[in-house]
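Please open the model in your viewer and keep the selection panel at hand. The tour below suggests what to select next and says what is there.

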There are 2 protein chains.
Amino acid sequence: MDLSYRSTISIYKSILEQFNPALENLVYLGNNYLRAFHALSKAAEVYFKAIEKIGEQALQSSTSHMLGEILMQMSDTQRLLSSDLEVVAQTFHVDLLQHMEKNSKMDVQFISESQKQYELEYQRRATNLDKCMAELWRMERARDKNAREMKENVMRLRSEMQAFVSESQREAELEEKRRYRFLAEKHQLLYNTLLQFYSRARGMIQSKAPRWKEQLEASRNPSNSH
Amino acid sequence: MDLSYRSTISIYKSILEQFNPALENLVYLGNNYLRAFHALSKAAEVYFKAIEKIGEQALQSSTSHMLGEILMQMSDTQRLLSSDLEVVAQTFHVDLLQHMEKNSKMDVQFISESQKQYELEYQRRATNLDKCMAELWRMERARDKNAREMKENVMRLRSEMQAFVSESQREAELEEKRRYRFLAEKHQLLYNTLLQFYSRARGMIQSKAPRWKEQLEASRNPSNSH
């Protein structure tokens with residue numbers, strides 16, 4: 001029982017002192033990740049804006065009109081990809097980071113209290129059991145005729161204690177498992193959102209690339225003046 | 001002819017004073033883009049390293065072992081995606097930016113010289129034509145019997161001048177077109193490389209996600225202690 005008690009306490013401590021701080025740290029790192037993502041989006045936007053401007057110049061030339069069109073489509077495509085990827089970033093921000101932050105804050109109190117309640121209840125039951133066992137010993141020495149009833153009482157209390165301790169350990173393990181699963185499910189969501197983006201992005205480029213290839217090959221034909 | 005001369009000169013000027021500086025600027029912006037990309041890779045690596053550490057903790061727990069495995073696989077998958085995306089960044093760096101930079105440097109001299117050679121040759125032919133036309137006028141006034149031969153000479157020179165001017169304009173337009181096409185083809189390469197990445201990334205996640213889904217659902221089953 002004592003082993004189980006220590007094991008249960010150590011799970012609560014582990015959630016409070018290892019998992020929760022790790023989760024808070026993850027939120028911090030996740031916000032860095034988000035900031036870096038937005039910096040990249042910005043750099044991409046500026047780069048393809050410059051491509052677009054060169055495309056506009058080509059549109060005004062006499063013989064490079066088609067090439068200007070291609071450059072501008074390439075710039076537009078990047079804009080679409082970027083705005084699509086922004087949806088993934090939003091999922092990461094709201095569904096993961098904000099949720100993880102909220103949970104980690106709530107857990108500080110929730111887990112402390114769960115641990116405390118367990119300790120108090122364990123103490124209460126252990127004290128009661130000790131008291132009854134001391135009383136039983138006294139009754140058996142005095143050959144008290146109610147000793148047998150007390151013995152049954154003690155055995156019942158012991159068995160209830162056992163059940164309480166097992167159940168409490170199971171509950172603590174479940175709390176721990178819930179938290180790992182929460183993390184895994186959040187990142188499953190992230191990967192699924194990313195997968196959807198990759199599928200759409202692939203489709204977007206596949207719908208444009210053959211035409212670009214065709215037009216670029218045609219632009220090498222000397223009879224094509226545009 | 002004068003119109004064509006101005007048009008040809010303006011194309012060379014446009015390449016030198018607009019296209020080439022725009023290309024240099026693009027290289028500068030592209031390097032910013034690359035730096036932002038590497039900062040994002042780094043932030044992603046740190047984030048998923050933290051996920052991995054939490055996964056390792058779960059592996060050591062009594063009931064969350066499977067969830068630990070999932071978290072570590074999620075971390076590994078990100079590592080693979082990242083290293084795959086690095087290939088796209090390398091293509092951008094070497095095949096686009098470095099090549100664009102090299103070309104823009106070479107062009108400063110190449111285009112200036114092409115323009116100069118055109119101006120000199122045009123001047124030479126124009127001066128020669130003027131001289132012959134002045135001579136023809138003198139000969140016709142003096143009723144010189146060689147006037148007709150000179151007239152044929154002048155007509156030939158005029159026609160050659162016309163051909164030279166048309167050909168030069170066509171060449172200048174072609175130089176301009178080549179440069180726009182170079183830019184479009186470079187970005188076609190980038191998009192194709194990106195497309196390959198999206199296809200592989202999609203396959204990578206699709207190969208992992210069903211098993212994660214299955215395992216996460218199974219972890220909710222109370223009879224599963226791991």
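The stops below run from the contact between two chains to salt bridges within single chains.

Bear in mind throughout that this is a predicted model. Begin by selecting chain A and chain B together: 69 residues from chain B and 69 residues from chain A take part in their contact, and the two chains bury about 5,900 Å² between them, with 71% of that area on carbon and sulfur atoms.

Next, look for polar links across this interface, where 18 residue pairs are in polar contact and two salt bridges are found. One to display is that of Glu185(B) with Arg220(A), whose closest N and O atoms are 3.0 Å apart. Now colour the side of chain B that touches chain A by element: helices H1 (2–60), H2 (65–141) and H3 (147–218) of chain B each give two or more residues, and H3(B) gives the most, with 26 residues. By residue class, this side divides into 42 nonpolar, 19 polar and eight charged residues.

Then move to chain A and select Glu175(A) and Arg179(A), which form a salt bridge with the closest N and O atoms 2.7 Å apart. These two are separated by about one helical turn, because they lie four residues apart in helix H3 of chain A, and both are buried.

Finally, return to helix H2 of chain B, where Arg138(B) and Glu135(B) lie three residues apart and their side chains meet in a salt bridge (2.6 Å, N to O). Arg138(B) is partly exposed, with a relative accessible area of 41%, and Glu135(B) is also partly exposed, at 28%.

How values were computed
Residues numbered from 1 in each chain as written. Chains lettered and ligands numbered in written order. Predicted model: local features only at pLDDT ≥ 70, side-chain atom pairs only at ≥ 80, totals over all residues. Heavy atoms only, no water. Contact = heavy atoms within 4.5 Å. Buried area = accessible area lost by both parts, 1.4 Å probe. Salt bridge = Lys/Arg side-chain N within 4 Å of Asp/Glu carboxyl O. Polar contact = N/O pair within 3.5 Å; in protein donor to acceptor, adjacent residues only side chain to side chain. Nonpolar A, V, L, I, M, F, W, Y, C, P; charged D, E, K, R; others polar. Buried < 20%, exposed > 50% of the residue type's maximum accessible area, 1.4 Å probe, protein only.
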